[in-house]
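Me: Could you take me through a close look at one part of this model, slowly and with the reasoning spelled out? I would like to see how that part fits into the rest of the chain.

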Amino acid sequence: MAAPGPVTPGAPFEPSQPPVIEGFSPSIYNAQESFKEKFLRKTRENPMVPIGCLGTAAALTYGLYCFHRGQSHRSQLMMRTRIAAQGFTVAAILLGLAASAMKSRS
């Protein structure tokens, strides 16, 4: 087994900065985005995800309220509705990813 060659000292590693890789840009957006700007951009790109999240939260909240009031039939219905809303949200995420991948190819 051959011994590794000598290591040439390069620029010191700076852990607070991302690594510099030729031909790779970590973000296509040059300016830093605030949380609100990023949220609005992502919502415009795929508006079905926030709708699904709100539907999931609403079904969960109402289902828990019905459970607390002793309306077990309606609570069970709301939990099933929550599962459907979660499925809708996951499908919206996957379709958004697929659309994004297709857009980046062309």
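Reply: What follows looks at helix 2 and then at its surroundings.

Since this is a predicted model, each statement below describes the prediction. The protein chain as a whole has 3 helices and 0 strands, and along the sequence these follow the pattern α-α-α.

Helix 2 covers residues 48–69. Its length can be checked with simple arithmetic: at 1.5 Å a residue, its 22 residues should span 32 Å, and because the end C-alpha atoms are 31 Å apart, the expectation and the model agree. Directly after helix 2 comes G70, whose phi is positive, near 90°.

The next step is to ask which residues of helix 2 are buried, and these are V49, G52, T56, A59, G63 and C66. They cover an arc of only 125° around the axis, which means that they lie on the same side of helix 2. A general property of helices is useful here: an α-helix has 3.6 residues a turn, so residues three or four places apart point the same way. On the other side of helix 2, the residues L54, T61, H68 and R69 are exposed, with over 50% relative accessible area.

What, then, do the buried residues of helix 2 pack against? Their partner is helix 3, which runs over residues 72–105. With 34 residues at 1.5 Å each, helix 3 should span 50 Å, and its end C-alpha atoms are indeed 50 Å apart, so the two values agree. The buried residues of helix 3 are S75, M78, M79, A85, T89 and A92, and what covers them includes helix 2.

These two helices can also be set beside a database record. An unreviewed UniProt entry carries the annotation "transmembrane region" for residues 48–67 and 83–102. In the model, residues 48–67 are 100% helix and 0% strand, with end C-alpha atoms 28 Å apart, while residues 83–102 are likewise 100% helix and 0% strand, with end C-alpha atoms 29 Å apart.

Finally, some values for the whole chain put this part in context. Buried residues make up 13% of the 106 residues in the protein chain, and the accessible surface comes to about 9400 Å², of which 66% belongs to carbon and sulfur atoms. Among contacts between residues at least 6 apart in sequence, 47% join residues that are at least 24 apart.

Methods: Residues are numbered from 1 along each chain as its sequence is written. This is a predicted model: local features need pLDDT of at least 70, side-chain atom pairs count only at pLDDT 80 or more; totals for chains, interfaces and linings use all residues. Side-chain values use heavy atoms; hydrogens and water are left out. UniProt positions are given in the numbering used here, feature names are shortened, and annotations may be inferred rather than shown by experiment. Helices (H or I, at least four residues) and strands (E, at least two) are DSSP runs, numbered from the N terminus. The expected span of a helix is 1.5 Å times one less than its number of residues. Buried means under 20% relative accessible area, exposed over 50%, partly exposed in between (1.4 Å probe, protein chains only). Contact means heavy atoms within 4.5 Å. Accessible areas come from the Shrake-Rupley method with a 1.4 Å probe; for residues, only the protein chains shown count as cover. The arc is that of the directions from the helix axis to the C-beta atoms.
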